[in-house]
Amino acid sequence: MHRSGWSADPTVGELQLEDRSSLRRVAGLSTELADITEVEYRQLRLERVVLVGVWTAGTAAQAEASMAELAALAETAGSEVLEALIQRRDRPDPATYIGSGKAEELRSVVLETGADTVICDGELTPAQLTALEKVVKVKVVDRTALILDIFAQHATSREGKAQVSLAQMEYMLPRLRGWGESMSRQAGGRAGSNGGVGLRGPGETKIETDRRRIRERMAKLRREIREMKTARDTMRARRNSSGIPSVAIVGYTNAGKSSLMNKLTGAGLLVQDALFATLDPTTRRAELDDGREVVFTDTVGFVRHLPTQLVEAFRSTLEEVTGADLLLHVVDGSDALPAEQIKAVREVITDVIKESGTPAPPELLVVNKTDAMGPTELTNLRALLPDASFVSAHTGRGIDTLRERLAEMLGGLDVEISVLLPYTRGDLLARIHADGRIFDSQHEEGGTRVHARVPHALAAALSEYAHAGTGESGE
């Protein structure tokens, strides 16, 4: 198949994009029963949907932006958005989320449009989901379930799949339910087997059995994720001990993090105009203009009201942020509310860093997609974010300036040292040449005296030889 603009040898990202495109859902095809009340377990099906939101605080523009984001999430999950409703309330209705009158109006919209699913812009309780479904008579999905579904579609690595499965089960456990008598039907003792005297009895109901199985599966997944976290920590420790500075690329989903990383490193990562295209952290090494080597890590994107289940499940992945020397915070400049994006990302990062107990790395704000902004928007954003770098990963504009700022900021993190290295430690001298900047070096009887600026990790490795210097270590 001919790929316009692609090289003869497609990158991993291009192959992933082709695989993802070939697995889109086909509208109108479903194995589910038409009457949801007959279904014991429901697979998430998103085909023709109506969106509904409750506007409790903020401006009208913020409410509309939230619904536009919900529409983008729904489309990323493979659905067709037919209609959207917003209701102004002090707080969501505890019974049906939107109130009985609005629920009846929603039922009319569902009938008119022929929708098969309603998506609510919030996390609904199990009781709210059940009550709203009884009124609208089609399946109701909340924002959390929608985001979890997208993550499940996009996870590719073993760790990513395990993290998403755990998050889905944590969400599903309190919402597990069925209709009719099937879920309350009891099996005999030992699930119906003839266990002998004293072992026959009512046993568990079907829903109790299913909950127990889910808990067992969750415990197994947690063990697997802990083991994978150990491997990830080992790799991170090895990178840190190399003395090469690490930069974590963070930001809102679809801000262009992967595109920017491709531009900085030539990594060939998957780039897709969709929310949560990247779930698995990717690490690549690159060289800055001053010859300094840097390790870049592309991380999962954040979103407003990111489900707590996902934050917990992806904690080992998000810890890539805490171990970084610098955060490259990417913002979509073409978004209607970029300040809201920045706030949402910083909230998640603050939580992760607080949990880890490590100090927060310095942050460099990068406004991306400037090619999609008008002159007025660009001027306003420059005034709002005076310390940010403005780039376009698509056209390459501003990338050279960004590289210079990266070199400058990473240089500021270095430590000035003066050491006397024995001739037997040629390996350390080689690392100073590779990762540091040497001001002066002299060969003496006891070894090589070196005056240089080096990264913090390398300075720690050299500390035992600093006492032989001139007392300049740590200047």
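This briefing covers two helix residues and the internal cavities of the structure above. The model is a predicted one. A search of the whole structure finds two cavities of 30 Å³ or more, and the second largest of them is described below. The two residues are K102, in helix α3, and A61, in helix α2.

**K102 in helix α3**
- Helix α3 spans residues 100-113, and K102 is part of this helix.
- The relative accessible area of K102 is 18%, and because buried means under 20%, K102 counts as buried.
- Apart from neighbours within four places in sequence, K102 is in contact with I86 and Q87.

**A61 in helix α2**
- Helix α2 covers residues 60-76, with A61 among them.
- A61 has a relative accessibility of 45%, so A61 is classed as partly exposed, a class that lies between the 20% and 50% cut-offs.
- A61 and L337 are 276 residues apart along the chain, and 8.7 Å separates their C-alpha atoms.

**The second largest cavity**
- Rolling a probe the size of a water molecule over the atoms shows where empty space is left.
- The second largest cavity holds about 40 Å³ of space.
- Its lining consists of F151, V300, G301, F302, L306, L310, F314 and L318.
- Seven of the residues lining the second largest cavity are nonpolar, one is polar and none is charged.
- The polar residue is G301, because Gly counts as polar while Phe, Val and Leu count as nonpolar.

Definitions and conventions:
Residues numbered from 1 in each chain as written. Predicted model: local features only at pLDDT ≥ 70, side-chain atom pairs only at ≥ 80, totals over all residues. Heavy atoms only, no water. Helix = DSSP H or I, 4+ residues; strand = E, 2+ residues; numbered from the N terminus. Buried < 20%, exposed > 50% of the residue type's maximum accessible area, 1.4 Å probe, protein only. Contact = heavy atoms within 4.5 Å. 1 Å grid on protein atoms, 1.4 Å probe; cavity = no way out; pocket = protein on both sides within 12 Å on 5 of 7 lines; lining within 4 Å. Points joined across faces, edges and corners; volume = space filled by probe spheres on them.
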